[in-house]
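Me: I'm new to this one and would like a close look at a single part. Could you walk me through it slowly?

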Amino acid sequence: MHASSTPTCCLIKFGVITLGRSIKHCLAATACACLVAAVPMPAYAAQANLSRDDILWLGRITYGVDSASAAHLREIGRAGFLDEQLTARDDRLPAPIQAQIDAMPISTRPAAGLLADEIAEQKRLRAASDDPDAKTAARQARNEDGNAFLRDAMRRHLLRAVYSPAQLKEQMDWFWLNHFSVFARKGAIRWLAADYDERAIRPHALGKFRDLVMATLTHPAMLQYLDNARNARGQINENYARELMELHTLGVDGGYTQHDVQELARILTGVSVFVKAERPGRRMLQSDGLYAFYPARHDFGDKQLLGQTIKGRGFAEVEEAVALLVRQPACARFISHKLAQYLVADEPPATLVAAMSQTFQRSDGDIAAVLRTLFESREFAASLGGKFKDPMHYVVSSVRLACDRGAIADERPLLGWLGTQGETLFGHQSPDGYALVESAWASSGQMTRRFETARAIGGNYANVLACSGDTKGDTPRLDGALYALALKPYLAAATRETLEQATSAREWNAVLLASPEWNYR
Amino acid sequence: MRRRHFLSAMAATLPALGCAGRLFAAPASAPRFLLVFLRGGYDCANVLVPYASDFYFESRPNIAIARPAGKTDDALVLDTNWALAPALRESIGALYAKKQAAFVPFAGTDDLSRSHFETQDSIERGLPLNRHDFHDGFMARLATVLGARAAPIAFTDALPLTFDGGGDIPNVSLRNVGKAPFDERQSAMLSGMYREHHLHAAVADGLQLRQHVAEEFAADAQAANRGAINARGFALQAERVARLMREQYRLGFIDVGGWDTHVNQGGAQGQLAANLDGLGRGLAAYAAALGSEWNDTVVAVISEFGRTFRENGNRGTDHGHGTAYWLLGGGIAGGRIAGEQVTVQSSTLLQNRDFPVLNDYRALLGGLFMRLWGLDRAQLERVFPQSTPHDLRLV
């Protein structure tokens, strides 16, 4: 920097290059200090044989350490734990949480009916009274209903993230929702978001990548969001075709051309949202009551995609094109790189991405297999503690720590914190999804917003946490056994000193949640 | 009074909070520059309307803006070839009449990916296309070259790529400016905790700026409750931006989304018109709130690309190439359409699809910066490497 930064700033910046490194350095020093001073170990940790690396490993495979996951890791070890996570062996929620989800309208109202209702309702609203004010009011009321439905979709997603033992599956659920991002405030998507998560994304979160692409391609949320619902012979809309290659499969440098975009758009003509009143033209070839393939709108000519001829014949072209896209080496690299960016480092090592790409191609895009390559790599082990938490990780890990499997009295403030930190579920307007790197989340404005969340959770100002046995509104105790096990031994001197300056339990909690150590995983 | 008191109080706490070199730099008389990025690729052909071209009306049977004929929904004549969207008549049209607005059609970048994200990133970096330096934005390099004259800030939730690599440039969103969450003691504790961490400046600056903004706009909360009609959206934000730019900052960035109109974009009325209305009001509010300082201010409104010249099958437009940039300012030589132009007809379209780029964004912004701050060629080379400035004599 020229002139404007002060020299102290520069010294500090260059002195500590990454937190990963600085933590390790600090940790080594602290560990020695503990031994020499013979600080009595807390009872919980005395039974534990989890190393610092185990704790960091657990913090990466899960949304954040809690007592149950730590106990389970002690019990079965890393290899067993990883196996269970990769197969999502147990994704049962605690009974009261499951009951809470079961009681939500999103659990009982099928999406097909919702979509039909919404289409009919919008039609009715358009035709309704001539009074523009009454029209606006009616539309707003209808949108409010939709927003309530959408909030349930977010609440369910967050409850699973906090409570599900299948923590890797829940992280991947978020990852793919973000990869195949849809924006809830467009079209009928506020009504469809719950189903999109439940049926298009979550079942395939650890499955085959190709299935994810097909499930999102044929989901009305995506069809509306990227306008393929409107894409028809003679009325080409290339929005989805472009993003399907650029953002979903190949990446912008994936070797396709503008001509490929146009040809893929032709292949995708006729794939639309199911509308009951629609005349299917000839035989309707495909529908699940939510999407439909309308042959009358399809361009039946032959197409050229990535140098291959796709014979014009209907929906089978779409399946052929997707199969062609996902078997490109560019797709394997693009997806592997993004997974590694999420789970390893902002700039993942090329060796790791290459190994993952190989697995991707060898396994026909088996996500669990690719993740196994990632988690068993040396690069992963070397990265522990160095990845900045995005707001979703920050909020969920903090609630897991503060509540430690206790009940959340009211999970709505969690949505608020994600909102103020800029990572609302189904809230990214453009289709690229939220960024996965530190520089996207650690600006001066964002750090302050994050500290506001630390203060709210630490002081329980939003009355969120009613950890088991406590009365709603109590200050959570963050300095308990979990703290002693997972954090206390590894804090840097500056953090320890600052914690000592805290003048109340609430402030102490806020400082802990604001600390550099807590902001990385 | 209260603000001044607050600033001196802040100055006293500076050592405790650590280095915050970029905050409250308050340079003496230096021009202000605000970059407004319209994300999504706005449809310039329905903003700067080529009304002399029959081809325009043929290409847009459903969404064309009507030729100027005196009705409120008609385009507003700017010169013999171009007219302005009626949604901007009261705001930008009025500035144009005062020679405080100019447009550069056929503007943009060589990047032909037609990808929002790729093109936004490459413009924000402002580097030759063969260079892939990911954390190196042109506004950050400009701030570096300007040194003490810069006082940069982004009015965004996250720091934009264009300010990346410039040291610790602060950002703050002015959408919601409530009470500051931490007092001075707590702020000092938190920034002290990061004293040896690479995020130290971000933490210290952010806490300070947050307190300052809460103080600066404390009166707003009550005022907004009273007359809440226009107290939403971009206009209110723009007014706040003006207040901070008037006092402390000289180099600003803000972005506005919602321009990706693939479906039913509308014409004189509708989706695009509503967006333009909000944007225009905001920019007019910004100009008004700066008062006499508006004469020493330049605003550039840019976007990643234009859209297809012909409307698509859904009464919208798809990703295109050349766009139109707007330049606004109390002291600019406006009231004209600047830069290279060609006749708008099918044979001059790029790939028979969209506007060509005849005015490279690096050359035209470079030319602007050269005049605005008197930069020499060596300094410009640092801002826009391997680019020859094109001086449109707008300032």
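Me: Which side chain meets that of A:Glu411 in a salt bridge?

Reply: That partner is A:Arg155, whose side chain meets the one of A:Glu411 at 2.5 Å, N to O. A salt bridge here is a side-chain nitrogen of Lys or Arg within 4 Å of a carboxyl oxygen of Asp or Glu.

Before going on, a word on the ground rules. This is a predicted model, where local features need pLDDT of at least 70 and side-chain atom pairs count only at pLDDT 80 or more, while totals for chains, interfaces and linings use all residues. Residues are numbered from 1 along each chain as its sequence is written, chains are lettered from A and ligands numbered from 1 in the order in which they are written, and side-chain values use heavy atoms, with hydrogens and water left out.

Now, where does this pair sit? Chain A is split into domain 1 (3-35 + 388-519), domain 2 (42-87 + 328-384) and domain 3 (95-315), with bounds that come from an automatic or database domain assignment. In the contact between domain 1 and domain 3 of chain A, 28 residues come from domain 1 and 30 residues from domain 3; contact means heavy atoms within 4.5 Å. The count between domain 1 and domain 3 of chain A is one salt bridge.

As for area, about 2500 Å² is buried between domain 1 and domain 3 of chain A, and carbon and sulfur atoms give 68% of that. Buried area is the accessible area (1.4 Å probe) that two parts lose on being put together, summed over both. Our A:Glu411 turns up again here: along with A:Phe426 and A:Pro431, A:Glu411 loses the most area on the domain 1 side, the three together making up 32% of what that side buries.

There are polar contacts too: 10 residue pairs across the interface of domain 1 and domain 3 of chain A, both residues at pLDDT 80 or more. That term means a pair of N or O atoms within 3.5 Å; within protein, one must be able to donate a hydrogen and the other to accept it, and residues adjacent in sequence count only if both atoms are side-chain atoms.

On the domain 1 side, helix 21 (391-403), strand 6 (407-408) and helix 22 (412-420) of chain A each supply at least two residues. Helix 21 of chain A gives the most, with five residues. Helices (H or I, at least four residues) and strands (E, at least two) are DSSP runs, numbered from the N terminus.
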